[in-house]
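Work through the exercises below with the sequence and the coordinates open. Try each task before reading its solution.

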Amino acid sequence: MIEEQVILVDENDNQIGLMPKMEAHEKALLHRAFSVFIFNNKNELMLQQRAMHKYHSPGLWTNTCCSHQRDGESNLEAGKRRLQEEMGFVTDLEESTSFIYKAPFDNGLTEYEYDHIMIGHFEEEPKINEEEVADWKWMELEEVKVDMALHPELYTAWFKIIFEKFYEFININK
């Protein structure tokens, strides 16, 4: 199986090349990514717990799904594809904002991403892919904020950054 390629970008999100995903993480090169946030009618966020065998952040709680766009794929197409692959459903998504973050991990890899945040709505239970997702739950944003402050070690680096710096872009009940 050919390793997935990520889209290398400059600080303005202009594509400058492709690289195997692991190599980009080993070399800490800026690449395009996305984070999907799914809400229900109660303004609860669907969180996922990453599978225990993931190469970084295993077992940590995070937003509904996240991944990397493929060459030629729009942000929205990528978000819908990965939502189906990880959580077993598709819904309409809207782009919210984007930002750059860098997070080194204990295993020597670094996430250095131009992350596009997308938001959608869904009312049913997901059909999780257990290769990708260990568990899931609905939580109110304020509840997540409090829990994250009390137990930051339970959440992914990018999810904490989004909550700290971009809360207004994911708070649909403003």
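The exercises that follow concern a predicted model.

**Exercise 1. Aromatic pairs**

Classify the geometry of the ring pair W136 and W138, then assign each residue a burial class.

Solution.
- Start with the total: the model holds six aromatic pairs.
- In one of them, W136 and W138 have ring centres 6.1 Å apart, with 85 degrees between the planes.
- Planes over 60 degrees apart count as edge-to-face, so the pair W136 and W138 is edge-to-face.
- Now burial. The cut-off for buried is under 20% relative accessible area.
- W136 has 18% relative accessibility, so W136 is buried.
- W138 has 21%, so W138 counts as partly exposed.

Which residues form one aromatic cluster? F37, Y155, F159 and F163 do.

**Exercise 2. Charges over rings**

Find the ring beneath the charged end of K102, and the ring beneath K137.

Solution.
- K102 places its charged end over the ring of Y112, 4.7 Å from the centre of that ring.
- K137 lies over the face of W61, and the distance to the ring centre is 4.2 Å.

**Exercise 3. The largest pocket**

Describe the largest pocket by volume, lining and residue character.

Solution.
- The volume is about 290 Å³.
- The lining has 22 residues, and those closest to the pocket centre are K21, R50, K54, C66 and H68.
- Two or more lining residues come from each of strand 3 (31–39), strand 6 (65–67), helix 2 (75–87) and strand 8 (110–121).
- By character, the lining has 11 charged, six nonpolar and five polar residues.

**Exercise 4. A loop phenylalanine**

Locate F122 and list its contacts beyond four places in sequence.

Solution.
- F122 sits in the loop between strand 8 and strand 9 (133–140).
- Its relative accessible area is 13%, so F122 is buried.
- Beyond its sequence neighbours, F122 contacts I38, F39, N40, M46, F89 and W138.
- Take I38: F122 and I38 are 84 residues apart along the chain, but their C-alpha atoms are separated by 6.5 Å.

**Exercise 5. Positive phi**

Examine D13 and S57: what is the phi of each, and is each buried or exposed?

Solution.
- D13 is not a glycine, and its phi is positive, near 70 degrees.
- D13 lies in the loop between strand 1 (5–9) and strand 2 (15–20).
- With a relative accessible area of 16%, D13 is buried.
- S57 is not a glycine either, and its phi is about 55 degrees.
- S57 lies in the loop between strand 4 (44–50) and strand 5 (61–62).
- S57 has 8% relative accessibility, so S57 is buried.

Definitions and conventions:
Residues are numbered from 1 along each chain as its sequence is written. This is a predicted model: local features need pLDDT of at least 70, side-chain atom pairs count only at pLDDT 80 or more; totals for chains, interfaces and linings use all residues. Side-chain values use heavy atoms; hydrogens and water are left out. Rings of Phe, Tyr and Trp (its six-membered ring) pair if their centres lie within 6.5 Å; planes under 30 degrees apart count as stacked, over 60 as edge-to-face and the rest as tilted. Buried means under 20% relative accessible area, exposed over 50%, partly exposed in between (1.4 Å probe, protein chains only). A charge sits over a ring if NZ of Lys or CZ of Arg is within 6 Å of the ring centre and within 35 degrees of the ring normal. On a 1 Å grid over the protein atoms alone, a cavity is a set of points where a 1.4 Å probe fits but cannot get out, and a pocket is an open set with protein on both sides within 12 Å along at least five of seven lines; lining residues have an atom within 4 Å of a point. Grid points are joined across faces, edges and corners, and a volume is the space filled by probe spheres set on the points. Ala, Val, Leu, Ile, Met, Phe, Trp, Tyr, Cys and Pro count as nonpolar, Asp, Glu, Lys and Arg as charged, and the others, Gly among them, as polar. Contact means heavy atoms within 4.5 Å.
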